[in-house]
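Student: I would like to go through this structure term by term, asking in each case what justifies the word that is used.

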Amino acid sequence: MRLADFLAADRVIVPLESETMTAAASALLERLAAAGAVSGLDRLRERVEEERGEDIVAMGDRAFLLHYRTDAVPDLAVAIGTSPEPICRELGDGDRQCARILLLVVAPPRLATRYLQVVGA
């Protein structure tokens, strides 16, 4: 399984013109919604805005993986964006993580196995 198998051109944002993680996630959500991949945008937006630590994984200093299981989407969907400048996430105690690539993966709970395969890819 390759991540590219789940990406389409209408789900890619280059350049991703966002200065914060929240703004970048919102732009990716809007792109998925415009592509018809989201059935409950407001519910999904609320879920993303909770900003649970376990929903965001830093992949070194290159990328952030934002991943959510929610009934707000009918099927597994992936969006990706590349920012010209690093987008940073504050961790507390003065620590922060920064990356230029953001990958968003969303799936309904019934597709948990496939979701985990894609997140692992």
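Tutor: Let us begin with C88 and C98, which form a disulfide with their sulfur atoms 2.0 Å apart. The model is a predicted one, in which local features need pLDDT of at least 70 and side-chain atom pairs count only at pLDDT 80 or more, while totals for chains, interfaces and linings use all residues. Residues are numbered from 1 along each chain as its sequence is written, and side-chain values use heavy atoms, with hydrogens and water left out.

Student: Why is the pair C88 and C98 called a disulfide?

Tutor: The term requires a pair of cysteine sulfur atoms within 2.5 Å, and the sulfur atoms of C88 and C98 are 2.0 Å apart, so the pair qualifies. By this rule the count comes to 1 disulfide. C88 lies in strand β4 (residues 77-92) and C98 in strand β5, so the disulfide ties together parts that are 10 residues apart in sequence; strands here are DSSP runs of E with at least two residues, and helices are runs of H or I with at least four, both numbered from the N terminus.

Student: What makes the disulfide of C88 and C98 right-handed?

Tutor: The torsion about the S-S bond is about 105°, and the disulfide is therefore right-handed.

Student: How do you know whether C88 and C98 are buried, partly exposed or exposed?

Tutor: Buried means under 20% relative accessible area, exposed means over 50%, and partly exposed is in between, with a 1.4 Å probe and protein chains only. C88 has 22% relative accessibility and so counts as partly exposed, and C98, at 25%, likewise counts as partly exposed.

Student: What makes β4 and β5 a pair of strands?

Tutor: Two strands pair if DSSP finds at least two bridges between them; 11 bridges join β4 to β5, which run antiparallel, so the condition is met. One of the bridge partners is I101 in β5, which is matched with T82, and in the hairpin of these strands, with 2 residues between them, D93 takes a positive phi near 55°.

Student: How do you know that β1 is paired with β4?

Tutor: Strand β1 (residues 12-13) is joined to β4 by 2 bridges, so the requirement of at least two is satisfied, and these strands run parallel. Within β4, G81 stands opposite I13.

Student: Why are the buried residues of α2 said to line one face of the helix?

Tutor: The buried residues of α2 (residues 41-49) are L44, R47 and V48. Seen down the axis of α2, they fall within an arc of 95°, so they line one face of the helix, the arc being that of the directions from the helix axis to the C-beta atoms. The face turned away from this buried side carries the exposed residues D42 and E46. What covers the buried residues, with contact meaning heavy atoms within 4.5 Å, includes α1 (21-34), β3 (63-69) and β5 (95-107).

Student: What makes a space in this structure a cavity, and which residues line the largest cavity?

Tutor: On a 1 Å grid over the protein atoms alone, a cavity is a set of points where a 1.4 Å probe fits but cannot get out, and lining residues have an atom within 4 Å of a point. A search of the whole structure finds 1 cavity of 30 Å³ or more, and about 40 Å³ of space lies in the largest cavity. Its lining consists of M21, T22, A25, V48, E51, I56, L66 and Y68, to which α1 gives the most, with 3 residues.

Notes: 1 Å grid on protein atoms, 1.4 Å probe; cavity = no way out; pocket = protein on both sides within 12 Å on 5 of 7 lines; lining within 4 Å. Points joined across faces, edges and corners; volume = space filled by probe spheres on them.
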